Amino acid sequence: MLSESESADRSAVVLLSGGLDSVTAAAIARADGYRLFALTVDYGQRHRFEIEAARRVAAFLHVQRHVIAAVDLRQFGGSALTDRMDVPLHRSEAEMGAGIPITYVPARNTVFLSLALGYAEVVGAAHIFIGVNAVDYSGYPDCRPAFIEAFEKLANVATKAGVERTMKFRIHAPLLEMTKAEIIRRGTELRVDYAMTHSCYSPNEAGVACGRCDACYLRLKGFAEAGLSDPIEYQM
Ligand SMILES: [Zn+2]
């Protein structure tokens, strides 16, 4: 039998969006020997394909438990992913690198990590994995090292387990310094089947990726640079 602290040290909550990055981060956690508790946030994203992808990924990873928590961020709007705004298409890399795009969802990763922290405290998991990435990251402020470090500090002052020192929470962002190509290569080594994943911001009604939004662009470029072919279908 594992003691309580050993069990906490071997359990991790993984945030699963259904995208390429989060499945890779979760596969890294699994390869590192953690028991996985998956969390997907149904935040009212404009299409359901991400949630379906997250279900496939959770089954593939044999997680202990998969929670899909509904927090409707459409009530605030303010993003092309939660509001009736057009997702930008055909942007160059220079355009993507300039400023924070309208696909930024206000405070999304803070909301996600807060939910993950609550879940982690309840199931006794001291580790939280999030697939954020600061290299090919589309300019989101909550995908930077400073954000991850600040949240880890918060986790240990905000919780009963942290204050009573029964658990020391750690936020793992294993993809933080990796390029998209490196992420894809690492996932491929870990036998991740990227056909299960969904990245596109603007798929058609059948869920087929557009090939023109920032997410599709970065994904396709990552596969090309990794010298691998993307197993999902595209409209073009
Ligand atoms: Zn797309």
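**Zinc site.** I looked up the zinc ion first. In this predicted model, four sulfur atoms coordinate the zinc ion: the SG atoms of Cys200, Cys210, Cys213 and Cys216, at 2.3 to 2.4 Å. I checked the angles among the four donor atoms. They run from 102 to 119 degrees, and the site is tetrahedral. The ideal angle for four tetrahedral donors is 109.5 degrees. Along the chain, the donors are spaced as C-x9-C-x2-C-x2-C. Cys200 and Cys210 both lie in the loop between α8 (180-189) and α9 (214-226), so this pair ties together parts 10 residues apart in sequence. I also looked up burial: Cys200 and Cys210 are buried.

**Thr159.** Next I went to the loop between α6 (145-158) and α7 (160-163), where Thr159 is found. Is Thr159 buried or exposed? I noted a relative accessible area of 5%; under 20% counts as buried, so Thr159 is buried. A polar atom of the Thr159 side chain lies 2.8 Å from the backbone oxygen of Ala155. Leaving out residues up to four places away in sequence, Thr159 touches Leu117, Glu121 and Phe169.

**Helix α3.** Last, I checked the length of α3, residues 49-60. Its 12 residues should span 16 Å at 1.5 Å a residue; the end C-alpha atoms are 17 Å apart, which agrees. I then listed its buried residues: Phe49, Glu50, Ile51, Ala53, Ala54, Val57 and Ala58. What do the buried residues of α3 pack against? I found α2 (20-31), β2 (35-42) and β3 (65-70). Just after α3, I noted a positive phi of about 50 degrees at His62.

Notes
Residues numbered from 1 in each chain as written. Predicted model: local features only at pLDDT ≥ 70, side-chain atom pairs only at ≥ 80, totals over all residues. Heavy atoms only, no water. Donors = N, O, S within 2.8 Å, 3.2 Å for Na, K, Ca; no water. Tetrahedral: all angles 85-135°; square planar, octahedral: opposite > 155°, others 65-115°. Helix = DSSP H or I, 4+ residues; strand = E, 2+ residues; numbered from the N terminus. Buried < 20%, exposed > 50% of the residue type's maximum accessible area, 1.4 Å probe, protein only. Polar contact = N/O pair within 3.5 Å; in protein donor to acceptor, adjacent residues only side chain to side chain. Contact = heavy atoms within 4.5 Å. Expected span 1.5 Å × (residues − 1).
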